[in-house]
Amino acid sequence: QVQVQESGPGLVKPSQTLSLTCTVSGGSITDSYYSWSWIRQPPGKGLDWMGVIRYDGSTYYTPSLKSRTSIRRDTSKNQFSLQLNSVTPEDTAVYYCARQNVTHRVYDYWGQGTQVTVSS
């Protein structure tokens, strides 16, 4: 059974960097059938896809966040991470990591989500 779990600070100050880690168990982040995404949901709004890291380590980011976002991985720990620089209160959201089946283009496993609040 695949499990994905987000972890990281719940409170970040404006202008600082938000850093989250997603730990994957029951499956490998280097499996070519899957890619691994970060998705967030601001309060009262819909899901906002942020970016993806593929089985080979390549990345793609949504254009509106590309200049502030970095997704990396540690294959020895089967983890991938999100860094979002220069945060503002508008970055307050529940942040999710999720696995996508690249063949069927469905997100089949999600973390439970972690609340991140940007506030001084």
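User: Which backbone oxygen does the side chain of Q41 reach?

Analyst: Happy to start there, with the reminder that this is a predicted model. Q41 is found in strand β4, and with a relative accessible area of 27% Q41 is partly exposed. At 2.9 Å, the side chain of Q41 reaches the backbone oxygen of K45.

User: How far apart are the C-alpha atoms of Q41 and A93?

Analyst: Along the chain these two are 52 residues apart. Even so, A93 is among the residues that Q41 touches, as are G46, L47, V94 and Y96. The C-alpha atoms of Q41 and A93 are separated by 5.2 Å.

User: Over how many bridges do β4 and β9 pair, and in which sense?

Analyst: One of the bridges to look for on screen joins W38 to its partner in β9, C97. The sense of the pairing is antiparallel, and the number of bridges between β4 and β9 is eight.

User: Is S37 buried or exposed?

Analyst: S37 has its place in strand β4, which covers residues 34-41. Its neighbours beyond four places in sequence include W49, G51, V52, F80 and C97. The cut-off for buried is under 20% relative accessible area. S37 has 1% relative accessibility, so S37 counts as buried.

User: Which side chain is joined to that of S37 by a polar contact?

Analyst: W49 and Y107 are both among the residues that S37 touches. The polar contact is 3.1 Å long, and the side chain that it joins to S37 is that of W49.

User: Which residues form a disulfide, and how far apart are their sulfur atoms?

Analyst: The count comes to one disulfide. The residues that form it are C22 and C97. A disulfide needs sulfur atoms within 2.5 Å, and here they are 2.1 Å apart.

User: How many residues apart in sequence are the parts that this pair, C22 and C97, ties together?

Analyst: With 70 degrees about the S-S bond, the link of C22 and C97 is right-handed. C22 lies in strand β3 (residues 18-25) and C97 in strand β9 (residues 93-101), so the parts tied together are 75 residues apart in sequence.

User: Does C97 count as buried or exposed?

Analyst: Its disulfide partner, C22, has 0% relative accessibility and therefore counts as buried. The strand of C97 is mostly covered too, since eight of the nine residues of β9 are buried. C97 also has 0% relative accessibility, so the word for C97 is buried.

User: In which sense do β9 and strand β11 pair?

Analyst: Strand β11 covers residues 114-118, and three bridges hold the pairing with β9. As an example, V94 has Q115 as its bridge partner in β11. The sense of the β9 and β11 pairing is antiparallel.

User: Which residue of β10 does Q100 stand opposite?

Analyst: β9 and β10 pair in the antiparallel sense, over four bridges. The residue of β10 that stands opposite Q100 is Y107.

User: Are the rings of Y107 and W110 stacked, edge-to-face or tilted?

Analyst: A search of the whole structure finds six aromatic pairs. Planes under 30 degrees apart count as stacked and those over 60 as edge-to-face, with the rest as tilted. The ring centres of Y107 and W110 are 5.7 Å apart and the planes are at 55 degrees, so the pair is tilted.

User: Which residues form one aromatic cluster with W36?

Analyst: F80, which is also among the residues that S37 touches, belongs to this cluster. Together with W36, the cluster is made of W38 and F80.

User: Which charged end sits over the ring of Y34?

Analyst: For a charge to sit over a ring, NZ of Lys or CZ of Arg must be within 6 Å of the ring centre. Here the charged end is 3.4 Å from the centre of the Y34 ring, and the residue is R99.

User: What is phi of R105 near?

Analyst: Most residues other than glycine have a negative phi. R105 is in the loop between β9 and β10, and at 68% relative accessibility R105 counts as exposed. The hairpin of β9 and β10 has four residues between the strands. In R105 phi is positive, near 55 degrees.

User: And where is S86, with its positive phi, found?

Analyst: Phi of S86 is near 50 degrees. S86 is partly exposed, with a relative accessible area of 45%. The place of S86 is the loop between β8 (79-84) and β9.

Key
Residues numbered from 1 in each chain as written. Predicted model: local features only at pLDDT ≥ 70, side-chain atom pairs only at ≥ 80, totals over all residues. Heavy atoms only, no water. Helix = DSSP H or I, 4+ residues; strand = E, 2+ residues; numbered from the N terminus. Buried < 20%, exposed > 50% of the residue type's maximum accessible area, 1.4 Å probe, protein only. Polar contact = N/O pair within 3.5 Å; in protein donor to acceptor, adjacent residues only side chain to side chain. Contact = heavy atoms within 4.5 Å. Phe/Tyr/Trp six-rings, centres within 6.5 Å; stacked < 30°, edge-to-face > 60°. Lys NZ or Arg CZ within 6 Å of the ring centre and 35° of its normal. Pairing = 2+ DSSP bridges.
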